[in-house]
Amino acid sequence: MSQPGAATLKLEDQRLHWKESSAGNTVQVPVETFLAHYTNLLHSQRDTDDLVSHIEEGLKAKPKTSNGEAKPRTLNRLGWAATNFIGPHEDTVFKGLEGIAEEIHSHCETWNKTKQHPKLQQRTTRLICQPNHTTASEVRGGSMKTDARFILNEIVSDENVPTSAAVAPAEFKTRMNPKNQIDNESKIIGADRLMRFWYFSRSHIAVSAQFDYHANPRLFIRFVIFMTFASLEDLGYDPTVERVRVGDSKKIQYRFTIGDKVYQTTGIIYELNLDLVTRATRVWSVVELDSNYLAIGTPKVLKDVWLYFDTTPESDIYNAIFGALRQLDEDGSVPENERPPPLQSGSSLEQDAKNYFMTIVSDSVVMINGQPDEAQEPPAGYVEFFYTEEEDKFAMEAALEGTQRGDVDGNTPTLKRADGEAYPHKKRTHRRIVFAELCHTLYRVSTYAAFTKGLAQLVYGLEYMRLAGFVHRDISPGNCLIFEGQTKISDLEYARQYAAPGHGAAPLTGTPGFMAVEYQMQKHEFMPKAPAPWFRFNFLHDLESVIWIYLWFLLETLPESFTPSEIDQHRIPILILRHRLFDGSLKASAERLNFVLNCATPVWCGYNDVTSVLTAVFGADSKITKALQSFECLAGCYKDVESSKPLLTESPHTRHWDRKVFLHEYYQYIHLYFMDAHDHITDTTEKALPIRYTDQERQHRAQQAAGPSKTGANKRPRTGTGRDSEAYVPPVREDEDDDDDDAEEEEEERAASPTEESQDRKTKRKRAVRKK
């Protein structure tokens, strides 16, 4: 079963998503501030001014040919002579920029012959203008077609430039109008006489104010200098990652250097988020390599993530949880009847709890040239940038018409000052965590028996967190992993000590469909009187997430044994319920709120709708449906806790209920509902078929019943996400073989490690694909 939203988006849909997700994360700064903050190559304003003046004088001088004839000036009183954007063909119109960039580079070298500045010793990139050329990507969906791009200088040919060597794209328009403005903002951006610079990081997106680069050539010169001579690290390449090819396979894998160890990926586990400003979590299956780049040890998991700089490292939280359990063991303060049943006779709390968590091998900050890899905050004085919408066309057209040549700011009326609290654009730190166990998420569990058992174990894992005094705050199928039949809890970066000050009023974290409704509402809804003016995330909220995961699973699937007519009978009612209860809103809908508040009330139709639909699917006596009574049980637990008196503190934001009121029995009850459902499943191999794929699966089963197809049309449907790398290795140009693409994508999760799969097996598999 795939993760929600994992299907690959079309290019235009991706652009729309990127633009929408960037709203609120994009800031605008004056162009001088942009250059000083993001492109300060020489680290000396005096040297920068001297170099730019030298280049400007050289561009304004009258050059001569080898036979002494005068040539037109590159830079005259009207601006850049080579960029008169008039003509029907973009290739010809924009080509002049290449010559300008080359002249700037030539004058830089002349200046540096006497200055010997270390930052100007080696050229990194060059500018090419190819509006009608597409980059050559080695992964599906990674090609791009831009008017111009800075490419790595080591790329000799301008033909078939690999996407991994395209450092920075540029978009131009021969004439600016509202339609072109919107198009440019979707592609990232420069146009007509007006130009902007853009900067992208995991903490924010920055855009310079528009400026007329004919009237202000020095600004453009400074930008070209930076792009030409900046180091690979300053341009965004990660030297701790190396792209490699495994054997003769076309699949690219990655080698990560972490301290004194090297890990190589064997497949992608998680890569879902399309947003630019985000944690950008990527999870791979990896193997450790020895000095000869041969695999050693067991497969592991590597997580690459950008966390806020003040986030407690996951390993610190892990150690704090087990330190607290170790202390309870030493104190002997937890009786046997107030803890989950020991997995082994006589085992301690700490020993048992470790079965429910991933084992962290290493957790470290990514270091680039001895410095932490960080996404910094924007410079002071920024304003929030708002992307042009279709309805803004007329206002923008008037603003563009009123913009005079030489108006450096060129701000449109759609800007307003940022609210520091609402848009903090906080600094992020790049971290990598290696885990000892190669697991799969609950999203990948496909049988009812395995899913119910996994949730039952998850409940006990959360109880160990309660005993240690921690709440998780981000329980979802992606954070609950299965390793050799045992559920393990991961992603502890949002976990907090329950009684610690501050986290009650912290921003919401997690997947909306699996959040507790009180958490979504930021109110304690079960208090006997009106909800309190304070809120504190507590242990029951994690438990509620577990039950929402169970309901999601039941509304996401149907038994694989169902006939097409049975599928048609149940599919629409289930989809309607799923839409009502899992609408993706960050704030709890009335449906979700009432579902939890009134599930014990027989007359409430929402809960009855769910039970009646699922009863029709699984039968009146099915324990699978009866496990939903865990919602009613949880509602009773909420009432018990919230009817007790909270601990009074000086600040309302630090108020909470004593940990003692959260009883072991609460976890026992919920655990028993899931185990009861598991124990009464007669066919433990019964698969849960995702509803969204039932049409394809039905066709697949019908074709299987009719016999094998020689065309390959009976292959099972699949989904995937496009991916590319921030690391660069000079590409190996190979002929594309479309026949192999599908086979290699289907092999994605079991990509061979460096020591696996002989040449003979690979050859046989490729031949089989070609036969299809």
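Which residue follows α8, and is its phi positive or negative? The residue after α8 is Gly332, and its phi is positive, near 65°. The model described here is predicted.

**Helix α8 and its surroundings**

Helix α8 covers residues 314-331. Its 18 residues, at 1.5 Å a residue, should span 26 Å, and the C-alpha atoms at its ends lie 26 Å apart, so the expected and modelled spans agree. Buried positions in α8 are Glu314, Ser315, Ile317, Tyr318, Ile321, Phe322, Leu325 and Leu328. An α-helix has 3.6 residues a turn, so residues three or four places apart point the same way. The cover over the buried residues of α8 includes the strands β15 (295-308), β16 (360-365), β22 (428-435) and β24 (470-471). Helices α9 (349-353) and α11 are also among the elements that cover them.

**Asp304 in strand β15**

One of the strands covering α8 is β15, and Asp304 is located in this strand. Is Asp304 buried or exposed? Asp304 has a relative accessible area of 8%, which is under the 20% limit, so Asp304 counts as buried. Its side chain makes a polar contact of 2.6 Å with the side chain of Arg432. Leaving aside residues up to four places away in sequence, Asp304 touches Phe256, Ala280, Thr281, Arg282, Trp284, His430, Arg431 and Arg432.

**Gln45 in helix α3**

Another polar side chain with a listed contact belongs to Gln45, a residue of helix α3 (residues 45-60). With a relative accessibility of 46%, Gln45 is classed as partly exposed, because that class lies between 20% and 50%. The side chains of Gln45 and Asp49 are joined by a polar contact of 2.9 Å.

**Two open sheets**

Strands of a sheet pair through backbone hydrogen bonds, either parallel or antiparallel. One open sheet has 3 strands in the order β4-β5-β6, with antiparallel pairing. β4 (125-129) and β6 (166-170) are its edge strands; each has a single partner, so one side of each lacks a neighbour in the sheet. From one strand to the next, the twist averages 20°. Within this sheet, Cys129 has Ala148 of β5 as its bridge partner.

Another open sheet, also of 3 strands, runs in the order β23-β25-β26 and is antiparallel in its pairing. Its edges are β23 (440-441) and β26 (486-489), each with a single partner strand, so one side of each is left without a neighbour in the sheet. Helix α11 (residues 448-468) packs on this sheet and touches β25 and β26; the direction of α11 makes about 45° with that of β26. Thr441 has Leu481 as its bridge partner in β25.

One strand pair from each sheet is listed below.

| Strand pair | Sense | Bridges |
|---|---|---|
| β4 and β5 (residues 148-152) | antiparallel | 5 bridges |
| β23 and β25 (residues 480-483) | antiparallel | 2 bridges |

**Nonpolar cores**

How many residues does the largest nonpolar core have? The largest nonpolar core has 108 residues, and Trp548, Leu551 and Phe631 have the most contacts inside it. Not counting residues up to four places away in sequence, Phe631 touches Ile547, Trp548, Leu551, Phe595, Val596, Cys599 and Tyr607. A second core, separate from the largest, has 54 residues, including Ile128, Cys129, Ala170 and Phe220. Cys129 of this second core is also the residue whose bridge partner in β5 is Ala148.

How values were computed
Residues numbered from 1 in each chain as written. Predicted model: local features only at pLDDT ≥ 70, side-chain atom pairs only at ≥ 80, totals over all residues. Heavy atoms only, no water. Core = buried A, V, L, I, M, F, W, Y, C linked by side-chain atoms within 4.5 Å. Buried < 20%, exposed > 50% of the residue type's maximum accessible area, 1.4 Å probe, protein only. Contact = heavy atoms within 4.5 Å. Pairing = 2+ DSSP bridges. Helix = DSSP H or I, 4+ residues; strand = E, 2+ residues; numbered from the N terminus. Axes fitted to C-alpha atoms, helices over the stretch in contact; angles between N-to-C directions. Polar contact = N/O pair within 3.5 Å; in protein donor to acceptor, adjacent residues only side chain to side chain. Expected span 1.5 Å × (residues − 1).
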